[in-house]
Amino acid sequence: RTEQTDISAGPAAILRWIAEVAAELTAEHAQPGQTLRGFGIGLPGPVDSTTGRMVSPSRMPGWNGVDVAAELTRITGLPAAADNDANLMALGEYDSLGADVGELVFVKAGSSIGCGIVAFGGVYHGHHGMAGDISHVTVPGAPAVLCSCGRIGCLDAVAGGAAIVQSLRASGVDVTDTRDVLALARDAHPRATQELREAGLRTGGVLATIMNFFNPQRLVLGGILGEADAFVAGVRSAIYSDCLPMITDQLDIAVS
């Protein structure tokens, strides 16, 4: 089931709602003798792998420092596990590809931009779980847009879906969310297409540094912006322009 909700309602309300939806799904679909066993949650923000707590998540007021898995266990009495959503997307992509892929970078490009890394047979979290958090990498030459972290010109603030929507609105284009932007681009709207390609170029510029450093076998673009041809083209263009040939020679760039 796909549901819409407002993450700014806070953890107490959202986690109660998750428990209620899970109970409904169990009632609808459980076979005789089956029970709900637990929860796995992907969160759109950094999760400290040593404590399980969220760390300064952008656009999530009230969630900082919350141990989401522990709170959901307290509400439901069932086991729960939580991680950053881009990490779990990377894990899902890796699992679906099988043993043919060793090193993989997965980029979740939606309202915000995140990244998950697979190495050594699983998700690489880094020292505290922050590995792959490219949201707050400063983009050289980008507009001086204030990011939610308080810094200027972060990738999230100049290339994420929310940033594209805001830029189009400022130029008089009537859009409410990233889906609207993609619909305009599919209808050959020049400004929407330009914004998506520019966002792809900025994202690709950041990823080029990662490709040069990490030398992965596969780069996968996911999230709603991964559905936009202009965004994907921008990413590819920047990577092939900014990476060494020995890096791109056997690099597989794919859409999830």
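Two strands pair if DSSP finds at least two bridges between them, and helices (H or I, at least four residues) and strands (E, at least two) are DSSP runs numbered from the N terminus. The model is predicted, so that local features need pLDDT of at least 70 and side-chain atom pairs count only at pLDDT 80 or more, while totals for chains, interfaces and linings use all residues. Residues are numbered from 1 along each chain as its sequence is written, and side-chain values use heavy atoms, with hydrogens and water left out.

**Exercise 1. Work out in which order the strands of the open sheet are arranged, and which strands stand at its edges.**

Step 1. The open sheet is formed by 5 strands in the order β5-β4-β3-β6-β7, and their pairing is mixed.

Step 2. β5 (122-123) and β7 (252-255) stand at the edges, each with a single partner strand, so one side of each is left without a neighbour in the sheet.

Step 3. At the β5 edge, the pairing with strand β4 (residues 113-119) is antiparallel and runs over 2 bridges; alanine 119 has glycine 122 in β5 as its bridge partner.

**Exercise 2. Determine which strands α7 and α8 lie across, and at about what angles they run.**

Step 1. Taking contact as heavy atoms within 4.5 Å, one finds that α7 lies across β3 (104-109), β4 and β6 (218-222).

Step 2. Axes are lines fitted to C-alpha atoms, for helices over the stretch in contact, with angles from 0 to 180 degrees between N-to-C directions; on this basis α7 runs at about 165° to β3.

Step 3. Helix α8 (residues 229-242) lies across β3, β6 and β7, and its direction is at about 170° to β7.

**Exercise 3. Describe the salt bridges within α7, and then the one that links glutamate 28 to arginine 1.**

Step 1. Side chains of opposite charge can pair when their charged atoms come close. A salt bridge here is a side-chain nitrogen of Lys or Arg within 4 Å of a carboxyl oxygen of Asp or Glu, and by this rule the count comes to 9 salt bridges.

Step 2. Glutamate 195 forms one with arginine 191, with the closest N and O atoms 3.1 Å apart; because these residues are 4 apart in helix α7 (residues 190-214), they are separated by about one helical turn. Where buried means under 20% relative accessible area, exposed over 50% and partly exposed in between (1.4 Å probe, protein chains only), glutamate 195 is buried at 14%, whereas arginine 191 is partly exposed at 31%.

Step 3. Arginine 202 and glutamate 198 meet at 3.5 Å, N to O, and are likewise 4 residues apart in helix α7. Arginine 202 is buried at 18%, while glutamate 198 is partly exposed at 33%.

Step 4. The salt bridge between glutamate 28 and arginine 1 has an N to O distance of 2.9 Å. This pair links distant parts of the chain, 27 residues apart, with glutamate 28 in helix α1 (residues 11-29) and arginine 1 in the segment before α1.

**Exercise 4. Characterise the surroundings of aspartate 67.**

Step 1. Aspartate 67 is found in the loop between β1 (39-43) and α2 (68-76), and touches Thr51, Gly52 and Arg53, not counting residues up to four places away in sequence.

Step 2. Aspartate 67 is buried yet has no salt bridge, the nearest side chain of opposite charge, arginine 53, being 5.3 Å away.

Step 3. The side chain of aspartate 67 does reach the backbone nitrogen of alanine 70, at 3.1 Å.

Terms used: Lys, Arg positive; Asp, Glu negative; His and termini not counted. Polar contact = N/O pair within 3.5 Å; in protein donor to acceptor, adjacent residues only side chain to side chain.
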